[in-house]
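Hi there,

Here is the structure I promised to pass on to you. Have it open while you read, and follow along at your own pace.

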Amino acid sequence: MSEQYDVIVIGGGPGGYVAAIRAAQLGLSTLCVDNFIGKDGKPALGGTCLNVGCIPSKALLDSSKNFAHMQHDYKNHGISFDNAKIDVGTMIGRKDKIVKQFTGGIAGLFKANKVKAAHALGTVMGNGDVKLTQGEKTTTVNGKNIIIATGSVPFSIPNVDIDNKMIVDNEGALNIKETPKKLGIIGAGVIGLEMASVWGRLGSEIVIFEAMDSLLAAVDKDIAKVAGREFKKQKMDIRLKTFVKAAKIISNSKGDDQVEVTYEKNGEQATETFDKLLVAVGRKAQSDGLLADGCGVELTDRGQIQVNDMCQTTAQNVWAIGDCVRGPMLAHKASEEGIAVVERIAGNHGHIDFNTVPWVIYTEPEMAWVGKTEQQLKDEGVDYKVGSFPFAAIGRAVAMNQPEGMVKLIADKETDTLLGAHIIGANASELIAECVVTMEFQGCAEDLAMIIHAHPTLSEAVHEAALNVDKKAIHKVN
Ligand code: FAD
Ligand code: NAD
């Protein structure tokens with residue numbers, strides 16, 4: 001008879017490992033199956049987020065930000081350096097250490113919470129059976145409940161073959177050994193812009209090819225406009241309505257490898273040569289080897305695991321969460337879905353409000369938002385009012401030499417309920433939290449306006465924007 005568990009989680013990313021820990025906390029016997037192999041060739045928990053996503057990208061963003069500030073901003077403070085340098089190997093090594101610390105940390109948490117881990121490919125067989133494949137060896141385990149949390153993998157595009165040396169995806173972009181003189185990027189989305197920030201700050205000339213006719217289409221237009229202006233100042237050459245047709249590796253006159261990109265803009269074809277090319281055109285749900293014929297779990301026409309609002313799949317007692325199902329591909333969304341599902345399995349109430357999932361893009365300035373954009377509200381015919389405030393009028397932002405950006409709040413015209421918050425500026429990633437809390441409590445712009453905000457802090461921009469919703473801001477003409 002196969003080993004029995006209350007819960008088998010397939011996938012050890014922020015969806016899966018968080019679900020497994022909470023399941024064990026609730027007293028459920030839990031197995032987490034994951035097949036990720038880390039950079040050192042050993043099994044590593046944490047999925048995309050910890051190994052090749054959120055954490056390593058933020059480590060590189062921070063190193064490169066410090067370097068850029070040294071070069072361009074510290075002189076305003078009267079601080080000067082002779083010939084500031086960055087050692088890319090040390091920067092990558094620091095990132096690898098952080099990744100190892102956190103992936104190892106999950107193994108420790110599993111042990112402490114008595115979650116059993118298996119390094120294997122998990123396949124859902126039906127009737128609670130999960131086949132575990134480790135090389136040639138297979139075993140079968142059985143779960144009263146199965147949670148699929150297999151995440152996502154990058155999309156590829158025709159005629160552009162990733163080798164993760166010259167033509168890289170997110171994984172390769174985090175391991176470039178020396179700053180490319182000229183970096184081409186396909187896709188001005190979240191990964192494209194964050195990686196453009198890293199390598200641009202280290203000195204790469206950046207060219208981004210973007211198929212859409214506007215930058216950051218999902219972001220509130222006022223915020224996207226400021227972002228576009230700031231990226232231009234950072235010399236990111238973002239080419240909209242430009243379609244990459246092919247990329248190939250060539251040798252230049254010195255015998256060095258380069259990437260030749262063929263693209264089309266305004267009906268004309270052209271080629272351009274780069275030292276490296278990053279492909280960042282979105283991600284797709286991962287289901288390779290996951291579903292045995294007849295297991296009852298169905299996919300949508302987009303290849304995602306089909307789920308209802310409760311994260312139940314089409315098979316009984318099989319649930320799915322995170323990047324492999326509908327909704328935004330964000331680590332915190334995956335984790336919250338995991339917790340909600342496990343609470344439901346345990347007979348408790350599992351809650352997740354998709355209207356209050358915050359987004360952050362860690363460029364400089366950072367962008368963060370929650371809820372509806374002004375465009376969405378217009379399209380939905382909702383009557384709204386807007387309040388905004390620039391960081392240029394916030395003492396702390398100016399003292400920090402980071403006056404760029406603004407806070408924009410949108411509230412229901414009649415009830416004043418906060419419907420959306422959009423921030424571009426220093427520490428936007430942290431400032432968005434109080435707007436999320438306000439929205440989660442169905443609070444109003446007036447609630448934010450009546451809360452005492454410490455002075456001098458960046459959060460005063462949120463306060464003033466809330467006051468400005470009813471034209472009561474103090475430090476700007478309403
Ligand atoms: P994943 O993290 O992808 O984990 C899935 C795991 O399941 C993997 O380990 C995979 O190997 C394993 N697996 C797959 N199939 C099987 C199988 N059949 N059997 C066993 N194991 C299997 N999000 C944020 O919120 N903030 C950020 O700053 C951020 N930055 C990012 C930066 C980059 C470069 C990238 C690529 C992504 C970033 N994301 C960020 C997105 C975030 O990483 C994902 O939303 C998140 O990891 C999804 O979690 P998950 O648990 O659903 O899947
Ligand atoms: P994305 O969806 O954010 O952006 C992809 C971009 O590529 C889009 O602008 C799209 O128009 C463009 N594109 C698609 N096909 C193209 C083509 N053939 N030629 C030119 N442009 C093309 O995807 P991503 O940047 O790959 O990131 C994937 C996901 O990972 C994100 O959507 C996000 O959910 C997650 N992520 C989150 C963070 C964060 O939270 N800070 C950071 C990185 C990644």
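Sorted by class, the residues of the shell around ligand 1 come out as 17 nonpolar, 18 polar and four charged. Please keep in mind that this is a predicted model. The shell holds 39 residues, and the closest of them are Asp34, Asn35, Thr48, Lys58 and Asp323.

Which element gives the largest share of that shell? The answer is α2, with four residues. At least two residues each come from β2 (30–34), α2 (47–52), α3, β4 (121–126) and α8 (331–345).

Some polar contacts with ligand 1 are worth finding on your screen. A polar side-chain atom of threonine 48 sits 2.6 Å from an oxygen atom of the ligand. Glycine 122 uses a backbone N or O atom instead, 2.8 Å from a nitrogen atom of ligand 1. Leucine 330 also has a backbone N or O atom close by, at 3.2 Å from an oxygen atom of ligand 1. On its own, ligand 1 has 1000 Å² of accessible area, and the protein covers 93% of it.

Now turn to ligand 2. Of the 22 residues around it, Ile191, Glu210, Gly282, Met329 and Val360 come nearest. By class, this shell has 14 nonpolar, four polar and four charged residues.

Two glutamates reach ligand 2 with their side chains: glutamate 210 places a polar atom 2.6 Å from an oxygen atom of the ligand, and glutamate 194 has a side-chain N or O atom 2.9 Å from a nitrogen atom of the ligand. Valine 360 takes part through its backbone, with an N or O atom 2.7 Å from a nitrogen atom of ligand 2. How much of the 840 Å² of accessible area that ligand 2 has on its own does the protein cover? It covers 76%. The elements giving two or more residues to this shell are α6 and β18 (359–361), and α6 has the largest share, with four.

Finally, have a look at the protein's interior. The largest nonpolar core has 41 residues, and those touching the most other members are Trp199, Ile208, Leu216, Phe231 and Met367. Among the elements that give it two or more residues are α3 (54–72), α4 (88–113), α6 (190–201) and α7 (221–233). Methionine 367 is a nice one to click on: beyond its neighbours within four places in sequence, its contacts include Leu216, Phe231, Trp359, Val360 and Ile424. A second, separate core has 31 residues, including Leu431, Ile432, Ala445 and Leu467.

Happy exploring!

Definitions and conventions. Residues numbered from 1 in each chain as written. Chains lettered and ligands numbered in written order. Predicted model: local features only at pLDDT ≥ 70, side-chain atom pairs only at ≥ 80, totals over all residues. Heavy atoms only, no water. Core = buried A, V, L, I, M, F, W, Y, C linked by side-chain atoms within 4.5 Å. Buried < 20%, exposed > 50% of the residue type's maximum accessible area, 1.4 Å probe, protein only. Contact = heavy atoms within 4.5 Å. Near = heavy atom within 4 Å. Polar contact = N/O pair within 3.5 Å; in protein donor to acceptor, adjacent residues only side chain to side chain. Areas by Shrake-Rupley, 256 points an atom, 1.4 Å probe, with all protein chains shown as cover. Nonpolar A, V, L, I, M, F, W, Y, C, P; charged D, E, K, R; others polar.
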